[in-house]
Amino acid sequence: MSKRSSYFLISPMALIFAIFLVVPLLTIVIVSFWDYDEYRILPDFIFENYSYLLGSSVTWKIYLNTFKYAALTWGFTLLIGFTVAYFLAFHVRSLTWQIVLFMVCTIPFWTSNIIRMISWIPFLGRNGLLNSALMGLGIVDQPLEFLLFSDFAVVLADVHLYTLFMVVPIFNSMMRIDRSLIEAARDAGASGFETLRQVIVPLSKPGIAIGSIFVITVVMGDFITVRLMSGGQSASVGLQISNEIGVLQYPAAAASAVVLLITVLLIVTALLRMVDIRKEL
């Protein structure tokens, strides 16, 4: 195949990529340098949006809060996702049952994210099912206030929403592991934990890295979960951008989006340097 033919084949995809990704990103970068006031957006080339953003202590607190949500969600989704994937890959022998149980994991995704988040409110509320059950059993004397409209509620909802993003790639990695390696480890006298630590976990790293990228990038930009589950008492970078758009501060929102994009790209780059996910592709 000639070089001209190759260019001809990739040109439609390159055009779509440019229209729907490159052009919007360039637009956001350009707008982030514009000026604005209470009524207008003024095309210009200024650095005040970035200097104000990066020089504000509120920004750093919001980023720390966002990193906290991302780290906690990543940790819990990794623990749950790895456990579920391990069970499906190594303890469920029947392909039919693997498919059935995997479909069960996807059932929550048949409904809207917002509906799934709202469903936690009557369960975690002050007079909700959980508090009522705990008080009825005599475990607590009064309702637990931290269950709803708190950081706990935000992380719980994020874990509920995004655990499947961790299960799928880890399960895919585990299914590619040669079972003879596990048998060889057992024949060599390795315990179940040693086999898990020295064989299964290293060979599952590409899936762990892909799942981590999915979860971290989604949580870093999320704002609906933070707004609903914190009751407006917590903030995240995504929520900050949403609020700036709500008051028509588009250049400031664009600057925040650019900084968030660079932050997420640095995190993804670090993950890609630690694990070669090309083995998974």
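Helices, as I use the word today, are DSSP runs of at least four residues, numbered from the N terminus. With that settled, let me turn to the structure, which is a predicted model.

I begin with the annotation. The UniProt record, an unreviewed entry, places the feature "domain: ABC transmembrane type-1" at residues 63-271. In the model, this span is 77% helix and 0% strand, and its end C-alpha atoms lie 19 Å apart.

My next topic is the largest pocket. Its volume is about 250 Å³. Four elements each give two or more residues to its lining: α2 (48-55), α3 (57-91), α13 (237-246) and α14 (250-274). Which of these elements gives the most to the lining? The answer is α2, with 4 residues. In total, 16 residues line the pocket, and those nearest its centre are Tyr52, Leu53, Gln240, Glu244 and Ala252. By residue class, the lining divides into 7 nonpolar, 7 polar and 2 charged residues.

I turn now to the surface. A nonpolar patch of about 740 Å² is made by Phe17, Leu21, Val22, Leu25, Leu26, Ile28, Ile30, Leu261 and Leu265. Where does the largest share of this patch come from? It comes from α1, which supplies 7 residues; Phe17 is found in this helix. Both α1 (3-31) and α14 supply at least two residues of the patch.

Let me close with α14. This helix is among the elements giving two or more residues to the lining of the largest pocket, and α14 also supplies at least two residues of the nonpolar patch. Thank you.

Notes
Residues are numbered from 1 along each chain as its sequence is written. This is a predicted model: local features need pLDDT of at least 70, side-chain atom pairs count only at pLDDT 80 or more; totals for chains, interfaces and linings use all residues. Side-chain values use heavy atoms; hydrogens and water are left out. UniProt positions are given in the numbering used here, feature names are shortened, and annotations may be inferred rather than shown by experiment. On a 1 Å grid over the protein atoms alone, a cavity is a set of points where a 1.4 Å probe fits but cannot get out, and a pocket is an open set with protein on both sides within 12 Å along at least five of seven lines; lining residues have an atom within 4 Å of a point. Grid points are joined across faces, edges and corners, and a volume is the space filled by probe spheres set on the points. Ala, Val, Leu, Ile, Met, Phe, Trp, Tyr, Cys and Pro count as nonpolar, Asp, Glu, Lys and Arg as charged, and the others, Gly among them, as polar. Patches are made of residues with over 30% relative accessible area and no salt bridge: like charges are joined within 9 Å, nonpolar side chains (Val, Leu, Ile, Met, Phe, Trp, Tyr) within 5 Å. Accessible areas come from the Shrake-Rupley method with a 1.4 Å probe; for residues, only the protein chains shown count as cover. A salt bridge is a side-chain nitrogen of Lys or Arg within 4 Å of a carboxyl oxygen of Asp or Glu.
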